[in-house]
Amino acid sequence: MNHAEAGSPVPGIRVVIVDDHAIFRSGLKSDLDPSIVVAGEAGTVEEAIAVIAAVRPDVVLLDVHLPGGLGGGGREVLAGSVPLLGSTRFLALSVSDAAEDVVSVIRAGARGYVTKTISGAEISSAVRRVAGGDAVFSPRLAGFVLDAFGTAPADIADDELDRLSARELEVMRLIARGYSYKEVAKELFISIKTVETHVSAVLRKLQLSSRHEITRWAAERRLL
């Protein structure tokens, strides 16, 4: 367990890695973008709560199935870090893509959930997005969260949907579920450039400013 010395200047986004496998922590550290600084590590629930409180990082990369504590698991780390949830954001990591795992840590306060199969570039991007306030999920996991947290169907003004073509609606739904442009292109058998064109049209027609607003817009209307 280690953490940055108090008062020392640390550039970039500061993270704490919480995982019970030292070899995974080492591999993750080497894969992260240089702009992301590992300010601390922990291998158990108790260590994690202590290091997070001492370091107060921007983002915690949190293993969902962590040993230790009364019940173990990433949820207990979140429960022990409640006072910091406003300033420190938690990104859950797991080998599992089970709905119950995803939903439980999001309910506890995590801002995102990604599987450990993603690349170093993808995890670095996820860290930056979570640090910036976005909610981040591996593709196809967002649906679990929307199902769990969605409310009753909202009334949809006919003219809202009428603004979108059938293809734009397909693209919008996939983007809202967390698919990348490349994945949307593969799914719909169209080019990435065409996907970009459709997304731009969706943003313009719905008067939205980002793909994350598309997710929120679609979730509120139960369109996923």
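**Exercise 1. Work out how helices α8 and α10 are oriented to each other in this predicted model.**

Step 1. Two packed helices are described by the angle between their axes and the distance between the axes.
Step 2. Locate the helices: α8 covers residues 166-176 and α10 covers residues 192-206. Their axes come within 9 Å and cross at roughly 90°.
Step 3. Apply the cut-off: angles of 65 to 115 degrees count as roughly perpendicular. α8 and α10 are therefore roughly perpendicular to each other.
Step 4. List the contact. From α8 come Arg 167, Glu 168, Val 171, Met 172 and Ile 175. They meet Val 195, His 198, Val 199, Ala 201, Val 202 and Lys 205 of α10.
Step 5. Sort the α8 contact with α10 by class: 7 nonpolar, 1 polar and 3 charged residues.

**Exercise 2. Do the analysis for α9 and α10: what is the angle, and which residues make the contact?**

Step 1. α9 spans residues 181-188. The axes of α9 and α10 lie 8 Å apart, at an angle of about 105°.
Step 2. α9 and α10 are therefore roughly perpendicular to each other.
Step 3. α9 contributes Tyr 181, Lys 182, Val 184 and Ala 185. α10 contributes Ile 192, Val 195, Glu 196 and Val 199.
Step 4. By class, the α9 contact with α10 holds 6 nonpolar, no polar and 2 charged residues.

**Exercise 3. Is Phe 189 buried or exposed?**

Step 1. Place Phe 189: it sits in the loop between α9 and α10.
Step 2. Check the backbone. Most residues other than glycine have a negative phi. Phe 189 has a positive phi, near 60°.
Step 3. Exposed means over 50% relative accessible area. Phe 189 has 76%, so Phe 189 is exposed.

How values were computed
Residues are numbered from 1 along each chain as its sequence is written. This is a predicted model: local features need pLDDT of at least 70, side-chain atom pairs count only at pLDDT 80 or more; totals for chains, interfaces and linings use all residues. Side-chain values use heavy atoms; hydrogens and water are left out. Axes are lines fitted to C-alpha atoms, for helices over the stretch in contact, and angles run from 0 to 180 degrees between N-to-C directions. Helices (H or I, at least four residues) and strands (E, at least two) are DSSP runs, numbered from the N terminus. Angles under 35 degrees count as roughly parallel, over 145 as roughly antiparallel, 65 to 115 as roughly perpendicular and the rest as oblique. Contact means heavy atoms within 4.5 Å. Ala, Val, Leu, Ile, Met, Phe, Trp, Tyr, Cys and Pro count as nonpolar, Asp, Glu, Lys and Arg as charged, and the others, Gly among them, as polar. Buried means under 20% relative accessible area, exposed over 50%, partly exposed in between (1.4 Å probe, protein chains only).
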